[in-house]
Amino acid sequence: MLSIAMPSNVEIKAKVSDLEEFARKAAQLSQSEGTIIRQHDTFFNCSQGRLKLRDFMNGSGQLIFYERPDTDGPKLSRYSISPTSDPPSLKAVLSDALGVKGEVRKERRLFLIGQTRVHLDTVEGLGHFMELEVVMRPEQSVNEGQQLLVLADSRDERRNVPGCS
């Protein structure tokens, strides 16, 4: 079980079939063209939660441990992040120690709308996906995060963007 002091977010994910329309709507709401981030995520075997190494493909990365239920709809995720300046070396050590569960390569376009991070991902071999992520402040309850997510969802996700399911 994760510590209560760990950072958390409330998130929802969905497949996107109309990439251009979703990007246009997100750019309009965020008043920006978004930030492009290349990522290579390696997931490792672990006894609880999930452990991934995110390589930003620029000499930097993050080791991320998180717990999140495997359910549809909005969900709470608690996480712990440690930066690294040598993702390939860390990947080799963790691969030897724990074994690799899977890998995902993607290009992420990040938009910020208030407290909500809007991710538009093009995932190698899988297609286009969106994620709405409300990064919780320490004083906020899960209910507050879910309410913010519902507001963002109603403005920006499936109901208003053609091709998002």
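## Exercises on an eight-stranded barrel

Seven bridges join strand β4 (residues 61-67) to β5, and the two strands run antiparallel. This is a predicted model, in which local features need pLDDT of at least 70 and side-chain atom pairs count only at pLDDT 80 or more, while totals for chains, interfaces and linings use all residues. Residues are numbered from 1 along each chain as its sequence is written, and side-chain values use heavy atoms, with hydrogens and water left out.

### Exercise 1: the barrel

**Task.** Work out in which order the eight strands close into a barrel.

**Solution.**

Step 1. Settle the terms. Helices (H or I, at least four residues) and strands (E, at least two) are DSSP runs, numbered from the N terminus. Two strands pair if DSSP finds at least two bridges between them.

Step 2. Start from the β4 and β5 pair. Within it, L63 stands opposite S82 of β5.

Step 3. Move on to β1. Strand β5 (residues 75-84) pairs with β1 in the antiparallel sense over four bridges, and E11 has K75 as its bridge partner in β5.

Step 4. Look for another partner of β1. Eight bridges join strand β1 (residues 8-16) to strand β8 (residues 127-135), again antiparallel. Here K15 has F129 of β8 as its bridge partner.

Step 5. Put the circuit together. The order is β1-β5-β4-β3-β2-β6-β7-β8, with antiparallel pairing. From one strand to the next, the twist averages 35°; axes are lines fitted to C-alpha atoms, for helices over the stretch in contact, and angles run from 0 to 180 degrees between N-to-C directions.

### Exercise 2: the helix and the cores

**Task.** Find which strands helix α1 lies across, and then which elements give two or more residues to the largest nonpolar core.

**Solution.**

Step 1. Place the helix. Helix α1 (residues 19-30) lies across β1, β6 (100-113), β7 (116-123) and β8, and runs at about 50° to β6.

Step 2. Pick a residue on the helix. A23 lies in α1 and is buried, with a relative accessible area of 8%. (Buried means under 20% relative accessible area, exposed over 50%, partly exposed in between, with a 1.4 Å probe and protein chains only.)

Step 3. List its neighbours. Leaving out residues up to four places away in sequence, A23 touches R109, F111 and L120, where contact means heavy atoms within 4.5 Å. A23 and V118 are 95 residues apart in sequence and 9.9 Å apart in space, C-alpha to C-alpha.

Step 4. Turn to the core. A nonpolar core is a set of buried Ala, Val, Leu, Ile, Met, Phe, Trp, Tyr and Cys residues joined through side-chain atoms within 4.5 Å. The largest one has 13 residues, and F22, F111, V118, L120 and M130 have the most contacts inside it. Two or more residues come from each of β1, α1, β6, β7 and β8, and the largest share, four residues, comes from α1. Another core, of five residues, lies apart from it and includes F44, L51, L53 and L94.

### Exercise 3: charged and polar partners

**Task.** Trace the partners of R108, starting from H119, and then look at two further salt bridges.

**Solution.**

Step 1. Locate H119. This residue is found in strand β7 and is buried, with a relative accessible area of 2%.

Step 2. Find its polar partner. The side chains of H119 and R108 make a polar contact (3.4 Å). (A polar contact is a pair of N or O atoms within 3.5 Å; within protein, one must be able to donate a hydrogen and the other to accept it, and residues adjacent in sequence count only if both atoms are side-chain atoms.)

Step 3. Follow R108 onward. R108 and E131 meet in a salt bridge through their side chains (3.6 Å, N to O), a term for a side-chain nitrogen of Lys or Arg within 4 Å of a carboxyl oxygen of Asp or Glu. E131 is in β8 and R108 in β6, 23 residues apart, and both are buried.

Step 4. Compare two other pairs. The side chains of E33 and R109 form a salt bridge (3.4 Å, N to O). E33 lies in the loop between α1 and β2 (35-44) and R109 in β6, so the pair ties together parts that are 76 residues apart in sequence. E33 is exposed, at 58% relative accessible area. D70 and R50 also meet in a salt bridge (2.1 Å, N to O), and D70 counts as exposed, at 68%.

Step 5. Widen the view. The whole structure holds 15 salt bridges, and one network of them links E11, K13, D41, K52, R54, R68, K106, R108, D121 and E131.
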